[in-house]
Amino acid sequence: MGYLNNSIVTVDAILTTKGRQLLAQGGGAFTITQFALADDEIDYTLYNPNQPSGSAYYGEALQNMPLLEAFPQETQTMKYKLVTLPRGTAKMPILDLGYSAIVIKQGASLAVTPQTLNYTGGNQVEASGYTFTISDVRLFSTFEGVGINTPSVQALNYTSTIGTNVSKTVVGTTLNLKATTVNTLFGSNTQLQATLTVEGRDSGARATIPVTVTKVS
Amino acid sequence: MSYKRLEPDDFVISADSITAAMWVGGVPTLTYFFTSSTQEASTSGNYYLNIYSSSAATDIQFAVAYANLNGSGSELYNNAVTGSSPTATIYGQYQNLILGDENAPFIFGNTTSSDFWAISIERNQYKEAIFPGSLFLELSGSLGVINLTDDSNYVSTVAYSEAGRVFNLISASAAGVKVTNSGTTTDGWSVNSGSYGWLLPDIGTILLNPVALSGSIAAGGIGLAVSRSFDAPGNNNVRIYKAISGSTASTFTLNSQETVTSDYVFVRPRSSEFNYSENPSFISGSTGEVIYSDFINNPQVYITTVGLYNDNNELLAVAKLSRPLLKDFTKEALIRVKLDF
């Protein structure tokens with residue numbers, strides 16, 4: 001008879017930039033209610049099911065790899081979440097945004113309605129909606145999520161963002177965009193560029209596409 | 001699903017008292033002491049002297065100041081206003097802070113004193129409080145050397161002032177260890193002039209009793225001179241600095257103390273949970289097939305990061321594991337995440 005290893009893993013957490021903001025804001029916004037797990041930094045192509053030493057060594061390239069410290073920027077961590085799916089899942093949920101890249105003219109409008117493929121038996125719009133994050137909010141005079149009307153989502157969507165080069169996140173089943181008409185943002189350039197990250201709030205599926213706003217005059 | 005709700009039992013709040021070495025660089029004992037000629041010559045030099053741990057004078061460790069009820073030991077602000085001087089200001093400042101009564105006297109042990117030296121530790125160094133029993137201060141005078149500590153190890157009832165706990169300074173052989181001789185009482189006080197001062201751990205301050213320290217060896221003193229000249233610079237801040245720094249090297253040992261409140265969150269992914277990944281390297285092609293056929297029924301994923309969220313799915317805190325943790329349908333994990341405030 002041997003002793004079971006009942007040790008637990010202990011890790012120290014750091015507050016994210018958003019966490020510090022909400023902690024300073026007070027009012028109960030900083031209330032941890034749920035967790036998620038991620039495998040950022042893991043490259044599964046290093047997993048080797050043909051390892052001649054046997055199955056115990058398939059993951060040897062991953063199990064002992066050194067990991068980087070946590071990044072405080074919430075947009076730079078927890079990128080690739082682990083998800084709970086039925087055993088036997090052959091296809092992972094992936095997002096179909098309808099665009100592989102967005103190129104939009106100054107002052108023009110666009111709606112993005114994502115769909116999740118391979119999720120709970122088919123292709124569908126997730127019940128909890130999607131999180132849309134634009135890396136530079138100045139590119140759009142309108143950046144709003146619609147379709148989810150819970151109080152917490154509405155509060156999140158109505159949060160104003162100071163007009164500097166910062167990201168903005170909204171939630172909905174559809175994202176409505178209207179490109180900026182401000183010429184001075186372009187300087188001597190004819191284009192402004194940013195990235196749009198969309199994440200399924202139920203599935204954890206994530207997609208990032210480039211966004212380009214072209215100057216009209 | 002990629003989020004799992006935490007249960008009330010998953011949260012534990014713990015408050016731990018942490019003690020640490022006091023001085024910059026995690027050093028418990030200062031042996032060399034430096035002042036800044038610039039600060040000494042400035043207006044603030046009339047009130048106090050900053051003491052540094054290096055000649056570069058970059059890290060203030062503590063400040064020393066002389067206080068006198070009658071304003072002696074420094075020049076008057078205005079000759080027309082008797083008794084109003086920097087030393088009187090310092091006296092009133094500590095009287096207000098510690099005694100809370102402008103008429104109350106400082107009584108060191110059993111002796112009322114009209115003056116004292118104050119050693120005020122830099123807040124960064126003492127954090128929340130000085131750890132009682134850790135003090136060991138060596139002072140040099142014209143007649144010899146005395147070592148002081150506080151009497152926290154010898155009192156059964158802690159005395160309180162308007163500035164929190166008060167401990168008397170006593171003659172010592174080591175931190176927290178009393179020593180007595182013919183010049184001291186059995187309490188470790190000077191035989192005729194009361195205790196050698198006070199330790200006020202909650203405000204990071206030490207008061208030294210000049211009457212006890214200036215006495216003869218037989219009276220428990222070290223001949224540490226103090227100037228009580230009226231309307232004249234007494235250089236008493238420099239005097240106590242020299243007493244602390246000694247002729248070559250001296251010893252000033254202290255520990256800091258703080259209460260760290262930790263929030264422990266127990267994260268429990270069950271065997272059937274979190275076994276697939278949205279990592280782009282977990283799938284092959286554009287249709288989402290998992291990268292290896294073995295992963296369909298026996299997926300192997302590696303946890304590297306734990307994220308803590310609020311109801312809006314906003315990431316509040318993040319923790320990284322020291323190495324990837326394998327997770328599959330045969331494994332459960334218990335991860336304790338520690339959040340310090």
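B:D328 is buried, with 3% of its relative accessible area exposed to the probe, where buried means under 20% relative accessible area, exposed over 50% and partly exposed in between (1.4 Å probe, protein chains only). The side chain of B:D328 meets that of B:K331 in a salt bridge, that is, a side-chain nitrogen of Lys or Arg within 4 Å of a carboxyl oxygen of Asp or Glu. B:K331 is partly exposed at 32%.

This is a predicted model, in which local features need pLDDT of at least 70 and side-chain atom pairs pLDDT 80 or more, while totals for chains, interfaces and linings use all residues. Side-chain values use heavy atoms, without hydrogens and water, residues are numbered from 1 along each chain as its sequence is written, and chains are lettered from A and ligands numbered from 1 in the order in which they are written.

Over all chains there are 11 salt bridges, including these three:

| Acidic residue | Basic residue | N to O distance |
|---|---|---|
| B:D328 | B:K331 | 3.2 Å |
| B:D10 | B:R268 | 2.9 Å |
| B:D311 | B:R5 | 3.0 Å |

B:D10 pairs with B:R268. B:D10 lies in the loop between β1 and β2 (11–21) of chain B and B:R268 in the loop between β18 (255–267) and β19 (276–277), so the bridge ties together parts 258 residues apart in sequence. Strands (E, at least two residues) are DSSP runs numbered from the N terminus. B:D10 is buried at 8%, and B:R268 is partly exposed at 28%.

B:D311 bridges to B:R5. This pair links the loop between β22 (301–309) and β23 (315–327) to strand β1 (residues 4–5), 306 residues apart. B:D311 is partly exposed at 43%, as is B:R5 at 48%.

Terms used: Helix = DSSP H or I, 4+ residues; strand = E, 2+ residues; numbered from the N terminus.
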